[in-house]
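Some labels on a structure deserve a challenge. Here each one is set against its cut-off.

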Amino acid sequence: TTDLVTFGETMALFAARRTGPMRFARDFDLGLGGAESNVAIGVARLGHRAAWVGRVGADEFGDLIRQTLLGEGVDVRAIADPDAPTGLMIKGRRTADLIDVRYYRKDSAGSRLCADDLDPELIRSARVLHVSAITPALSGTAREAVRHAIAEARAAGVLVSLDVNYRRALWTPGEAGAWLRRTVGDVDVLFATEAEGRLIADVEGATELAGALAKLGPRHVLIKFGAEGAMELSDGVELRADPYDVTEVDPVGAGDAFAAGWLADWLAGAEPAQRLSTACAAGAFAVTSQGDWESLPRRSDLSLLRRPTDGVSR
Ligand code: KDG
């Protein structure tokens, strides 16, 4: 059993050490990244049990992914695919504040994920199923795995969480929008930026957008404004949270951290305002260092951040 189960593609990540065109990067830090495994790490660091399912290659990068997630306390269900390599993500720094992500993931092991890879018992035993709309963009079998997992979770009364995580390298806004509109009615918690929300409902204004999305089904709609904070519409009640004051080093992974913070506090039974605040704090931590997940907070870290209006902590 687990508190949260998630699945998707996790890739080996090469992050350029220096700023400039990638061809001059010369050296890279090797790590890993994957929206869903980032969430699993975040939830585990915040004190809950998280399981991650995915395919990796039968290669060094697959081992890296398995070992790193294990080290983070995630219940890793990594299937080593003998016929395809672990996908790669290359993160360049075109300028000091412009990150350039390239994928080498077509036909990767992760994209070959299928419904049979998901243990229905694991889903039924969880309290939360978290998916992202990256997975349906990977392949037909991966898309079917998402559909199947959501149906399984719903039938068992497991909370279904979906982060839009729109990736334009993988599909067009039209394709993503059509899938999201078909799926959102089966989702309890929806995480989106304003632009992502508009893939589903073309509505101006954050409050209006959240209302339109909630009408489609999700009981909890979370709209993220990046460095401007976030809002939540839950059971008709709107909440807003100010951002935390941090220096952004690398914004990639902030959304996953936000989802992890929110879901961890949902699991802990926290009040809505607390839950949204933890989500914002986790998102803020995520941008403070290089890497997609490395700076995700533990519970004891959360009190380190202050909102600008809170003044100085002594
Ligand atoms: O949200 C961050 C993720 O996007 C990153 O870690 C890698 O899953 C990934 C993707 O497809 O971009």
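A helix here is a DSSP run of H or I with at least four residues, and helices are numbered from the N terminus. The model is a predicted one.

Q: What makes α1 a helix, and what is the phi of Gly 47, which follows α1?
A: α1 covers residues 35-45. A helix needs a run of at least four residues, so α1 qualifies. Gly 47 comes after α1 and has a positive phi, near 100°.

Q: How do you know that α1 is mostly covered?
A: Buried means under 20% relative accessible area. In α1, 11 of its 11 residues are buried. Among them are Glu 36, Asn 38 and Arg 45. Ala 35, Val 39, Ile 41 and Val 43 are also on the list.

Q: Why is Arg 26 called exposed?
A: The relative accessible area of Arg 26 is 70%. Exposed means over 50%, so the label fits. Arg 26 sits in the loop between β2 (11-19) and β3 (28-33). Its phi is positive, about 65°, although Arg 26 is not a glycine.

Q: Asn 165: why does it count as buried?
A: Its relative accessibility is 8%. The cut-off for buried is under 20%, so Asn 165 counts as buried. Asn 165 lies in the loop between β9 (159-163) and α5 (173-183). Its phi is positive too, near 45°, and Asn 165 is a residue other than glycine.

Q: What makes the contact between Arg 105 and the ligand a polar contact?
A: An N or O atom in the Arg 105 side chain is 2.7 Å from an oxygen atom of the ligand. A polar contact is a pair of N or O atoms within 3.5 Å, so this pair passes. For Arg 167, the side-chain N or O atom is 2.6 Å from a ligand oxygen. Asp 292 places a polar side-chain atom 2.6 Å from an oxygen atom of the ligand. The protein buries 97% of the 310 Å² that the ligand exposes when taken alone.

Q: Which residues come nearest to the ligand?
A: They are Tyr 103, Arg 105, Arg 167, Asp 256 and Asp 292, out of 14 residues around the ligand.

Q: How many residues of the shell around the ligand are charged?
A: There are 4 charged residues, alongside 6 nonpolar and 4 polar. Asp, Glu, Lys and Arg count as charged, so Arg 105 and Asp 292 belong to that class.

Q: Which pocket does the ligand occupy?
A: The ligand takes up the space of the largest pocket.

Note on methods. Residues numbered from 1 in each chain as written. Predicted model: local features only at pLDDT ≥ 70, side-chain atom pairs only at ≥ 80, totals over all residues. Heavy atoms only, no water. Near = heavy atom within 4 Å. Polar contact = N/O pair within 3.5 Å; in protein donor to acceptor, adjacent residues only side chain to side chain. Areas by Shrake-Rupley, 256 points an atom, 1.4 Å probe, with all protein chains shown as cover. 1 Å grid on protein atoms, 1.4 Å probe; cavity = no way out; pocket = protein on both sides within 12 Å on 5 of 7 lines; lining within 4 Å. Sits in = over half its atoms within 2 Å of the grid points. Buried < 20%, exposed > 50% of the residue type's maximum accessible area, 1.4 Å probe, protein only. Helix = DSSP H or I, 4+ residues; strand = E, 2+ residues; numbered from the N terminus.
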